[in-house]
Amino acid sequence: MQKILLIGPQGSGKGTQAEQLAKTYSIPHISTGDIFRQHMSEKTELGKLLESFVNEGKLVPNDVTLEIIKERLAQDDCANGFLFDGYPRNIEQAESIDVLLENLEMTFNHVISLEIPRELVIERLEGRRTCASCGKIYHIRFNPPIIDGICDDDGGKLYQREDDTIEKIASRLETYYTQTEPIIDHYREKGIVSEIDATLDISEVFAKIQEVL
Ligand code: ADP
Ligand code: ADP
């Protein structure tokens, strides 16, 4: 049973790899960012609360995020494993998820750290486009759709995320390096971290992750 945590800076390719890994291992891809964007687009009560944080590229408070994760983990499809992307994002969240999993008699069995220099992620993020209906991720140069602006899989319209602007990217990366990166050491102590060179092509990164798993 695969219980995987993908970790790496914005633009390292977590969402891209997660989509393929979830399919290959038949496990759900749990992305707090995707769950939050869904609430915002449906304008739920929670969605309205999230807007000020997400649109500013700031972390949503830990208690709100933990509730979302608890609910998601309780769904049946998590019984045979899962792939976390975007949670935990600070030490407090890491400690919370460790306890939550322990209570379910589980732990992450692999923490995959996608490693890439800061200079390379900006171009990836500025060119990122996402399908509005299925969430599939493209890049205008590195992974373009067959027809400009249209998703290959379901014909959905591709959009650019509101937080993928130069200022917000800088602030999100700052949060990553100060708050999220230290989590890798937290899991290194447990001996479950594998470092992957995320500068390679999408298919090469995928092959390297598969070797580890
Ligand atoms: P990115 O990692 O590229 O910034 P995500 O799609 O993972 O984007 O998340 C989008 C936004 O959702 C984040 O900027 C933050 O506001 C919020 N968010 C996602 N995951 C978490 C989390 N684990 N804790 C707090 N806020 C989160
Ligand atoms: P993350 O979830 O870590 O923020 P994404 O998977 O959304 O990253 O990828 C960010 C952008 O970079 C997307 O436009 C994606 O198509 C592109 N991308 C992802 N992996 C690679 C790669 N190995 N080489 C080139 N571009 C990539």
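This report describes the two ligand sites and the strand pairing of a predicted model.

## Basis of the description

Because the model is predicted, local features need pLDDT of at least 70 and side-chain atom pairs count only at pLDDT 80 or more, whereas totals for chains, interfaces and linings use all residues. Residues are numbered from 1 along each chain as its sequence is written, chains are lettered from A and ligands numbered from 1 in the order in which they are written, and side-chain values use heavy atoms, with hydrogens and water left out.

## Surroundings of ligand 1

Around ligand 1 there are 18 residues, of which T32, R37, K58, R89 and R172 come nearest; a residue is near a molecule or strand if one of its heavy atoms lies within 4 Å of it. By class this shell holds five nonpolar, seven polar and six charged residues, where Ala, Val, Leu, Ile, Met, Phe, Trp, Tyr, Cys and Pro count as nonpolar, Asp, Glu, Lys and Arg as charged, and the others, Gly among them, as polar. Helix α2 (residues 32-41) contributes the largest share of the shell, four residues; helices (H or I, at least four residues) and strands (E, at least two) are DSSP runs, numbered from the N terminus.

Polar contacts are pairs of N or O atoms within 3.5 Å; within protein, one must be able to donate a hydrogen and the other to accept it, and residues adjacent in sequence count only if both atoms are side-chain atoms. An N or O atom in the side chain of T32 is 2.7 Å from a nitrogen atom of ligand 1, a backbone N or O atom of G86 lies 2.8 Å from a nitrogen atom of the ligand, and a polar side-chain atom of R161 lies 3.0 Å from an oxygen atom of ligand 1. The protein buries 96% of the 540 Å² that ligand 1 exposes when taken alone, with accessible areas from the Shrake-Rupley method with a 1.4 Å probe and, for residues, only the protein chains shown counting as cover.

## Surroundings of ligand 2

Of the 17 residues around ligand 2, K14, T16, R128, Y138 and L200 come nearest, and the shell divides into six nonpolar, seven polar and four charged residues. Both α1 (14-25) and β6 (137-139) supply at least two residues of this shell.

Backbone atoms of three residues approach ligand 2: a polar one of G11 is 2.9 Å from an oxygen atom of the ligand, an N or O atom of L200 lies 2.8 Å from a nitrogen atom, and a polar one of I202 is 3.4 Å from a nitrogen atom. On its own ligand 2 has 560 Å² of accessible area, of which the protein covers 93%.

## Parallel strands

Strand β4 (residues 110-115) is largely enclosed by the rest of the structure, because five of its six residues are buried, that is, under 20% relative accessible area, against over 50% for exposed and partly exposed in between (1.4 Å probe, protein chains only). Strands pair if DSSP finds at least two bridges between them; β4 pairs in the parallel sense with strand β1 (residues 2-7) over four bridges and with strand β8 (residues 193-197) over five.

Strand β3 (residues 81-85) has five of its five residues buried, with G81, L83 and D85 on one side and F82 and F84 on the other. Parallel pairing joins β3 to β1 over five bridges, where L6 has D85 as its bridge partner, and to strand β2 (residues 29-31) over three.

## Antiparallel sheet

An open antiparallel sheet is formed by three strands in the order β6-β5-β7. Since β6 and β7 (158-159) stand at the edges, each with a single partner strand, one side of each is left without a neighbour in the sheet. Strand β5 (residues 128-131) is joined to β6 by three bridges, and T130 has I137 as its bridge partner in β6.
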